[in-house]
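Take a moment to turn the model around on your screen before you read on. We will walk through it piece by piece, from charged pairs to strands and back to the surface.

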Amino acid sequence: MFWLRKKAVPSILMLCAWNMVSGQIRYSIPEELKHGTLVGEIAKDLGLFLEELSSRKLRIVSQVPSQVMDINLQNGVLFVNKRIDRELICGKSLTCILSLEMEIENPVEHYRVEVEILDVNDNSPNFLNTEIRLEIAESVSPGTHYILK
């Protein structure tokens, strides 16, 4: 009996993990999109039929910062629910990824969807001089550093 349990538990865990892995999808969108902007056709990408979305209760179950994403169950699209401020959500991190856990019932299936929020250069740099002229000799060693004033 013990050997049966020893084999059954990893198999069940692998089956659960397989269901999660098989549903991985990734979208990329720029920050500051307005409410209602399409992120992706989530139903189509998950291989679900539009007719079953409401009855099977497709929903986002993870805690997304201030619910910036939602699903339209009529047309199967994932859309921006409120304006996304990348700096507010991810700070100064180089990459900003929202991990969404989605669930659908009858039978219960879990999906992981990642939405990468791309930075929009909304803070243009200002320079005192519009042009700097450098004259560098050909004999300079590679990797030499120069201080710009």
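## Charged partners

E41 and K44 form a salt bridge, with their closest N and O atoms 3.9 Å apart. Keep in mind as you explore that this is a predicted model. How exposed are these two partners? E41 counts as partly exposed, at 40% relative accessibility, while K44 is exposed, with a relative accessible area of 62%.

Here is the general idea behind such pairs: side chains of opposite charge can pair when their charged atoms come close. By the rule used here, the count for this structure comes to 12 salt bridges. The table shows three of them, including the one you have just met.

| Acidic residue | Basic residue | Closest N and O atoms |
|---|---|---|
| E41 | K44 | 3.9 Å |
| E105 | K57 | 3.9 Å |
| E103 | R59 | 2.5 Å |

Let us look at the second row, where E105 forms a salt bridge with K57. E105 sits in the loop between β6 and β7, and K57 in the loop between α3 (50–53) and β3, so this pair ties together parts that are 48 residues apart in sequence. E105 is partly exposed, with a relative accessible area of 23%. K57 is partly exposed too, with a relative accessible area of 45%.

Now for the third row, where E103 forms a salt bridge with R59. Because E103 lies in strand β6 and R59 in strand β3, the pair ties together parts that are 44 residues apart in sequence. E103 is buried, with a relative accessible area of 16%, whereas R59 counts as partly exposed at 28% relative accessibility. Some charged residues also team up in a group: salt bridges that share partners join R26, E101, R112, E114 and E116 into one network.

## The sheet and its strands

The strands that hold E103 and R59 also meet through the backbone. In general, strands of a sheet pair through backbone hydrogen bonds, either parallel or antiparallel. Here, β3 and strand β6 (residues 97–104) pair in the antiparallel sense over 2 bridges. Which residue in β6 is the bridge partner of R59? The partner is E103, which also forms the salt bridge with R59 that you saw in the table.

Step back, and you can find an open sheet of 4 strands in the order β1-β7-β6-β3, with mixed pairing. Why do β1 and β3 each have one side without a neighbour in the sheet? β1 and β3 (59–60) stand at the edges, each with a single partner strand, so one side of each is left without a neighbour.

Within this sheet, L100 lies in strand β6. L100 counts as buried because its relative accessibility is 0%, and buried means under 20%. The C-alpha atoms of L100 and V113 are separated by 5.0 Å, although these residues are 13 residues apart along the chain.

## A hairpin and a loop beside it

Next, find β4 and β5, which form a hairpin with 4 residues between them. In its turn, G76 has a positive phi of about 75 degrees. β4 and strand β5 (residues 77–80) pair in the antiparallel sense over 4 bridges, and M69 stands opposite V80 in β5. Strand β4 (residues 69–72) has two faces: M69 and I71 make up the covered one, D70 and N72 the uncovered one.

T37 belongs to the loop between β1 (25–30) and β2 (38–40). Leaving aside neighbours within four places in sequence, T37 is in contact with L78, F79 and V80. T37 and M69 are 32 residues apart in sequence and 9.8 Å apart in space, C-alpha to C-alpha. T37 is partly exposed, with a relative accessible area of 23%.

## A disulfide and a surface patch

How many disulfides does a search of the whole structure find? The search finds 1 disulfide, formed by C90 and C96 with their sulfur atoms 2.0 Å apart. The torsion about the S-S bond of C90 and C96 is about 65 degrees, so the disulfide is right-handed. C96 is buried, with a relative accessible area of 0%.

Finally, look at the surface. I132, L134, I136, Y146 and L148 form a nonpolar patch there, with about 500 Å² of accessible area together. One of these residues, L134, has its place in the segment after β7 (109–118).

Notes. Residues numbered from 1 in each chain as written. Predicted model: local features only at pLDDT ≥ 70, side-chain atom pairs only at ≥ 80, totals over all residues. Heavy atoms only, no water. Disulfide = S-S within 2.5 Å. Buried < 20%, exposed > 50% of the residue type's maximum accessible area, 1.4 Å probe, protein only. Patch = residues over 30% accessible without salt bridge, like charges linked within 9 Å, V, L, I, M, F, W, Y side chains within 5 Å. Areas by Shrake-Rupley, 256 points an atom, 1.4 Å probe, with all protein chains shown as cover. Salt bridge = Lys/Arg side-chain N within 4 Å of Asp/Glu carboxyl O. Contact = heavy atoms within 4.5 Å. Pairing = 2+ DSSP bridges.
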